[in-house]
Amino acid sequence: MKLRDRMDPKYTRISLYVIGTCAIIYLLGYIIRNLPTVSGAIAVAFRWCWRTFTPVFWGFVLAYLLFPVNTAFERLEDRLHIFRKSPRRKRALSVGLTAILVVAILVALMSIIVSAFSRQLSVIDAESFMNLVNMATRSINSFYTTAVKWLSQLNFESKEINDYVQNIGTVVASLITQWGQNALAALKNIPSFFSNLIFTIIFAVYFQLDHEGLRKYWGRAFRALFPTRFNDGIRLFAKDANRVCSGYIRGQFLDAILMAISISIALSLAGVRFSVLIGIFTGIGNLIPYVGPIVGYCSTILICLINGDYLRLVIGVVIVFVIQTIDGNIVNPKLLSSNIEVHPMLVIIALIIGSSTGGIVGMLAAVPIAALLKIQFERLVDYLMKKRGIAEPEKAPVQESAPKRRIRVRGAMPKTKDES
């Protein structure tokens, strides 16, 4: 008789549970005792994985953003009966057309920026710019002198004021030094940046060409490795993530392009200098909620103040206000549709957490991640309520108005049969 036949399945299962529990307790105790070492090793492993798989991640993001363009080109090819019987050739042609479109847009954008910047710089007079700098310096010196006199009347010693000024100067000098070091580090990382960019493009093309095969392959692998309930949960989560990302990221990018074009054209017609640059920076800022209007207003006011165009300053601020109002109330909600419903307080909290953890990239991804977590939390609440048998609170039915009663006027004679 074999050993497996002699073993009782019930007690065997209990023994395995006990052994697994003891192993988990021992592992948790080891991690707690050596927490700094374990956390350091995890951080090193995470940084290595991030450096290694960064092109794969950004290639997937780029392919996901360009997927609607590929789909549009494939539908156009179906209408024109091009490679209709060969899906791989049709997909390759759509990917090639998408790449040509993206390169053309980038080249046109860079040429517009360079031409606008060079044209506006040629308009600026060097003498007036130096006069502006000298006037600002005199204003700062006069403000400092006035502040010293005012504080001396309040029994503040000038030595303390000078110490404060020196401390401020030290902080400013350290910031400038740090910026210079960051700029040198960025220059040193240019070769690695271009290599990562090349690999990112390669992975993006690969994901676009073979996304259907990858989806079928990993779907088959997940069905073989994991139970049906887990696969259903993963499929539902992927569906929610796709709905949120397609409703937010693509909508925000399209909204940023529309904002950049509209503000550039409107400010150019108003005669505001660097209008194209203001429009582009405002469009980029519009990718992050509440940042686009700040960038638009501040850049318009700064450029107009430097050039002394106070009338154009007012006109430019009004133009930015009108465009931002139309965008915030009409265009942006239509582009994002009703898939993204996040409270403004949650948006602000998500932006703060995203900026502190991931910088600009974290701020870009903060809102869709918050929306996805909100959807999953609502699904969990619905599941727990259904499991515990808690009914949804029903809305109170609208009470219908009582039928009007016929009021008989006093003194009036009742109608006879002939009169009725």
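In this predicted model, helix α3 (residues 35-80) packs against helix α9 (residues 228-270) at an angle of about 80 degrees, and the two axes lie 11 Å apart. Because angles of 65 to 115 degrees count as roughly perpendicular, α3 is roughly perpendicular to α9. On the α3 side, the contact is formed by Tyr64, Leu65, Phe67 and Pro68. Helix α9 contributes Asn242, Cys245, Ser246, Ile249, Arg250 and Phe253. Sorted by class, the residues of this contact comprise seven nonpolar, two polar and one charged.

Helix α13 (residues 344-388) departs from a straight course. Its 45 residues would reach 66 Å in a straight helix at 1.5 Å a residue, yet the C-alpha atoms at its ends are only 31 Å apart. A bend of about 145 degrees occurs in α13 at glycine 358. Another glycine, residue 389, follows α13 and has a positive phi, near 75 degrees.

Confidence varies along the chain. The average pLDDT is 76, and 73% of the residues score at least 70. Two stretches with low values are listed below, together with their contacts in the model.

| Stretch | pLDDT | Contacts in the model |
|---|---|---|
| residues 400-414 | under 50 | two contacts beyond four places in sequence |
| residues 416-420 | below 50 | one contact beyond near neighbours in sequence |

For residues 400-414, then, the model offers two contacts beyond four places in sequence, and for residues 416-420 it has one beyond near neighbours in sequence.

Definitions and conventions:
Residues are numbered from 1 along each chain as its sequence is written. This is a predicted model: local features need pLDDT of at least 70, side-chain atom pairs count only at pLDDT 80 or more; totals for chains, interfaces and linings use all residues. Side-chain values use heavy atoms; hydrogens and water are left out. Axes are lines fitted to C-alpha atoms, for helices over the stretch in contact, and angles run from 0 to 180 degrees between N-to-C directions. Helices (H or I, at least four residues) and strands (E, at least two) are DSSP runs, numbered from the N terminus. Angles under 35 degrees count as roughly parallel, over 145 as roughly antiparallel, 65 to 115 as roughly perpendicular and the rest as oblique. Contact means heavy atoms within 4.5 Å. Ala, Val, Leu, Ile, Met, Phe, Trp, Tyr, Cys and Pro count as nonpolar, Asp, Glu, Lys and Arg as charged, and the others, Gly among them, as polar. pLDDT is the predictor's confidence in each residue, from 0 to 100. The expected span of a helix is 1.5 Å times one less than its number of residues. The bend at a residue is the angle between axes fitted to the seven residues ending there and the seven starting there.
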